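Good morning. Please have the sequence and the structure open while I talk, and stop me if you lose your place.

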Amino acid sequence: MSGGVKKISKRKENYYKKILEMLGTTNQVLVVTADNVGSNHMQSIRQDLRGKATLLMGKNTLMRRAMREYSQSHPEIEPLIPKVAGNCGLVFVDNGGSITDVRKTILENRVGAHAKVGSIAPCDVIVPKGNTGMDPGKTSFFQALSITTKINRGKVEIINDVNLLSVGDKVSQSHAVLLTLLDIKPFEYYLKVETVYDDGSVFDPSILDFTDDDILDQFRLGISRVAAVGVAVGVPTVASVPSNVYKGYEKLLAISVATDYTFKQTEDIKKLLEDPEALAKLAASSTAASTATGGEAAAADAKEEDEDDDVGLGGDLFGGGSDDSDDAMGGLFGGSDSED
């Protein structure tokens with residue numbers, strides 16, 4: 001009927017309401033692309049996400065329309081709308097769930113696949129050297145692809161590893177046939193996480209790879225750099241105060257040792273320096289402690305060696321007839337001096 005209002009199907013209407021419902025129940029969303037992901041693979045992903053998240057796939061225009069309506073009362077969702085493009089879907093993380101765990105579950109669900117003619121290689125494809133199991137009649141096929149081969153035991157053998165495809169190359173008919181004959185599945189297909197939305201923030205998924213330890217390491221590195229700059233330019237900061245105090249104490253200690261001036265923190269050190277015998281005893285005790293530690297380690301090593309000798313050179317173990325070391329060695333090498 002011309003000029004009339006286009007009627008929306010019940011299925012699309014329910015899908016539209018479902019998106020609005022999910023946007024209202026969670027503040028964590030992943031935008032994923034599903035290139036080359038089959039229906040069985042998609043079903044497997046949905047099963048793995050049960051209890052963690054909900055995956056919705058559909059028309060981008062419908063998803064963006066629902067998100068625009070939701071953004072009227074929740075403007076923080078607006079930066080996510082332009083990210084809905086291509087063959088994509090939305091993964092809504094359940095309340096109380098971990099967005100990192102959901103992403104990990106998605107990325108772990110991968111399926112190997114043969115290269116299809118006309119597809120774009122998402123990774124480098126290396127054909128390994130070795131026996132292909134093919135008859136010599138296939139030699140011309142390899143020559144057409146500039147792959148060096150030889151005949152070994154009646155089979156075609158590839159001499160060197162071959163970089164057949166690079167990232168972004170288009171798979172030709174010859175490439176697809178060769179990889180199929182060699183039973184190589186070079187590509188892995190999975191839902192690729194493109195964008196992360198977390199409580200009003202939109203960011204790249206690589207940010208989720210950072211752990212708490214990584215953040216703390218970066219924080220420590222920043223503090224150390226601030227402290228180094230403060231010390232170098234002579235401007236005290238909260239980060240450089242401990243270093244400034246320590247350096248100041250070193251200078252005061254040097255002055256105290258070189259002069260008659262003494263304060264509480266240098267009394268013990270000056271007494272020790274003024275008493276050569278006490279200083280010598282302290283040095284001797286320190287040396288003895290180091291020697292004792294080293295001696296215990298050496299004794300432990302020697303004990304292990306003795307145990308190895310008892311097991312490895314025993315006459316009974318290798319057929320020797322005497323407990324003497326010569327007889328034991330004779331048993332080890334199959335004879336004795338008297339037999340020679």
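Find Val127. Setting aside neighbours within four places in sequence, Val127 is in contact with Ile158, Asn160, Asp161, Val162, Leu164, Leu179, Leu182 and Ile184. Keep in mind that this is a predicted model.

Val127 belongs to the largest nonpolar core, which has 22 residues. Which members touch the most others? They are Val127, Ile147 and Phe187. Two or more residues come from each of these elements: β5 (125–127), β8, β9 (162–165), α6 (173–181) and β10. Another core lies apart from this one, with 21 residues, among them Ile19, Leu23, Val84 and Phe92. As general background, nonpolar side chains in soluble globular proteins tend to be buried together.

Next, the sheet that contains β8. Three strands form an open sheet in the order β6-β8-β7, and the pairing is antiparallel. Why do β6 and β7 each have a side without a neighbour? β6 (130–131) and β7 (149–152) are at the edges with a single partner strand each, so one side of each has no neighbour in the sheet. Between β7 and β8 (residues 155–158) there are four bridges, in the antiparallel sense. Thr149, for instance, has Ile158 in β8 as its bridge partner.

Lys150 also sits in β7. Is Lys150 buried or exposed? Neither: its relative accessibility is 43%, so Lys150 counts as partly exposed. Beyond its neighbours within four places in sequence, Lys150 is in contact with Lys155, Val156, Glu157 and Ile159. Pro136 is 14 residues from Lys150 in sequence, and their C-alpha atoms are 8.8 Å apart.

Now to strand β1, residues 28–33. How many of its six residues are buried? Six of the six are, and the strand is mostly covered. In a regular strand, side chains alternate between the two faces of the sheet. Here Gln28, Leu30 and Val32 point one way from β1, Val29, Val31 and Thr33 point the other way, and all are buried.

β1 has pairings with β11 and with β3. It is joined to β11 (residues 192–198) by six bridges, and the two run antiparallel; Thr33 has Lys192 in β11 as its bridge partner. The pairing of β1 with β3 is also in the antiparallel sense, over five bridges, and there Val31 is matched with Leu90.

From β3 the chain goes on to a loop before α4, and Gly96 is found in that loop. Gly96 is exposed, at a relative accessible area of 84%. Its C-alpha atom is 9.0 Å from that of Lys52, although the two are 44 residues apart along the chain.

On to a helix. Which residues of α2 (residues 39–49) are buried? His41, Met42, Ile45 and Leu49 are. These residues cover an arc of only 100° around the axis, which puts them on the same side of α2. The general background is that an α-helix has 3.6 residues a turn, so residues three or four places apart point the same way. Ser39 and Asn40, on the other side of α2, are exposed. The cover over the buried residues of α2 includes β2 (53–57), β3 (88–93), α4 (99–108), β4 (111–113) and β10 (187–189). Just after α2, Gly51 takes a positive phi of about 85°.

Further along, look at the loop between α7 (212–233) and α8 (241–258), where Ser240 is found. Ser240 has a relative accessible area of 0%, so it is buried. A polar atom of the Ser240 side chain lies 2.8 Å from the backbone nitrogen of Thr237. Leaving out neighbours within four places in sequence, Ser240 is in contact with Ala227, Gly230, Val231 and Val235.

How many aromatic pairs does a search of the whole structure find? Two. In the pair Tyr261 and Phe263, the ring centres are 6.0 Å apart and the planes are at 40°, so the pair is tilted. Tyr261 is exposed, with a relative accessible area of 53%, whereas Phe263 counts as buried at 16%.

Last, the chain as a whole. Its secondary structure comes to 12 helices and 12 strands. Of its 340 residues, 28% count as buried. Among contacts with a separation of 6 or more, 67% are between residues 24 or more positions apart.

Conventions. Residues numbered from 1 in each chain as written. Predicted model: local features only at pLDDT ≥ 70, side-chain atom pairs only at ≥ 80, totals over all residues. Heavy atoms only, no water. Pairing = 2+ DSSP bridges. Buried < 20%, exposed > 50% of the residue type's maximum accessible area, 1.4 Å probe, protein only. Contact = heavy atoms within 4.5 Å. Arc of directions from axis to C-beta. Core = buried A, V, L, I, M, F, W, Y, C linked by side-chain atoms within 4.5 Å. Polar contact = N/O pair within 3.5 Å; in protein donor to acceptor, adjacent residues only side chain to side chain. Phe/Tyr/Trp six-rings, centres within 6.5 Å; stacked < 30°, edge-to-face > 60°.
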